[in-house]
Amino acid sequence: MAERLFWEELNPGDEAVSLNRTITEADVVNFCGVSGDFNWFHIDDVRASESVFGKRVAHGMLVTSVATGLQVEKMEPKIATAAFVGLKEWAFRAPVFFGDTVRVKRTIGEKSEHKNPAQGWCIYEIEVLNQEDKVVQRGQWNMLIQRKPA
């Protein structure tokens, strides 16, 4: 296992940016099958061309899911995560189209103690950016982080 930072080693304000990932039509089709969300915004070229977006868009939750993967596997430094326990004030700020390339910017936010001395709470301030550096999603992830072994 690659070296990971423990709760004690995280400092509010520390930033990291993930590698990129392009959202493909295959990603959207697969997410339709997994989620059961076959909304016409995602699958119907003709109707989507007449929508506010002007073309088909990726599911917001697909992009959020991709962001979690980018943060875990495609970002350094890695963090000794015990659990991802929730989203707070998560917002879809702009559409993500087929062929858009996204990446995640993580800023360490507030830290606090946990009742289990082997773990600590940490808020990640997250921005999902597209290839034009536009914020397409933003919010906070509530994380439980492993502490250094005694």
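## Starting on the surface

Let's begin with V34: at 72% relative accessibility, this residue counts as exposed, because the cut-off for that word is over 50%. You'll find V34 in helix α1, which covers residues 25-35. Keep in mind as you look around that this is a predicted model.

Now pick out K134 as well. How far apart are the C-alpha atoms of V34 and K134? They are separated by 28 Å, and along the chain the two residues are 100 residues apart.

## The overall layout

Zoom out and you can count four helices and six strands in the protein. Walking from the N terminus, the elements come in the order β-β-α-α-α-α-β-β-β-β.

Put a box around the C-alpha atoms, lined up with the principal axes, and it comes out at roughly 60 × 30 × 30 Å. The protein has 150 residues, and 42% of them count as buried.

## Strand β5 and its two partners

Strand β5, residues 119-129, is a good place to look for buried residues: nine of its 11 residues are buried, so the strand is mostly covered. It has a partner on the β4 side and another on the β6 side.

Take β4 first, which spans residues 101-113. β4 and β5 pair in the antiparallel sense, over nine bridges. I108 stands opposite Y124 in β5. The two strands make a hairpin, with five residues between them.

Next comes β6, residues 135-146. How many bridges join β5 to β6? There are 11, and these strands run antiparallel. Here I123 stands opposite N142 in β6. β5 and β6 also form a hairpin with five residues between them, and D133 in that turn has a positive phi of about 65°. As a bit of background, side chains in a regular strand alternate between the two faces of the sheet.

## Rings that meet

A search of the whole structure turns up four aromatic pairs. One of them is F41 with F53, an edge-to-face pair with 5.4 Å from centre to centre and 75° between the planes. Why does this pair tie together separate parts of the chain? F41 lies in helix α2 (residues 40-43), while F53 is in the loop between α3 (45-49) and α4 (60-73), so the pair links parts that are 12 residues apart in sequence.

Are these two rings' residues buried, exposed or in between? F41 is partly exposed, with a relative accessible area of 25%, and F53 also counts as partly exposed, at 33% relative accessibility. Add W40 to F41 and F53 and you have one aromatic cluster.

## Charges over rings

Some rings have a lysine for company. The charged end of K55 sits over the ring of F97, 4.5 Å from the ring's centre. Over at W7, K111 lies over the face of the ring, at 4.3 Å from the ring centre.

## The largest pocket

Finally, have a look at the largest pocket, which holds about 160 Å³ of space. Its lining is made up of 14 residues, and A58, G60, A94, P95 and V96 are the ones nearest its centre. Helix α4 and strand β6 each supply at least two residues of this lining.

What classes of residue make up the lining of the largest pocket? Nine are nonpolar, four are polar and one is charged.

Terms used
Residues numbered from 1 in each chain as written. Predicted model: local features only at pLDDT ≥ 70, side-chain atom pairs only at ≥ 80, totals over all residues. Heavy atoms only, no water. Phe/Tyr/Trp six-rings, centres within 6.5 Å; stacked < 30°, edge-to-face > 60°. Buried < 20%, exposed > 50% of the residue type's maximum accessible area, 1.4 Å probe, protein only. Lys NZ or Arg CZ within 6 Å of the ring centre and 35° of its normal. 1 Å grid on protein atoms, 1.4 Å probe; cavity = no way out; pocket = protein on both sides within 12 Å on 5 of 7 lines; lining within 4 Å. Points joined across faces, edges and corners; volume = space filled by probe spheres on them. Nonpolar A, V, L, I, M, F, W, Y, C, P; charged D, E, K, R; others polar. Pairing = 2+ DSSP bridges.
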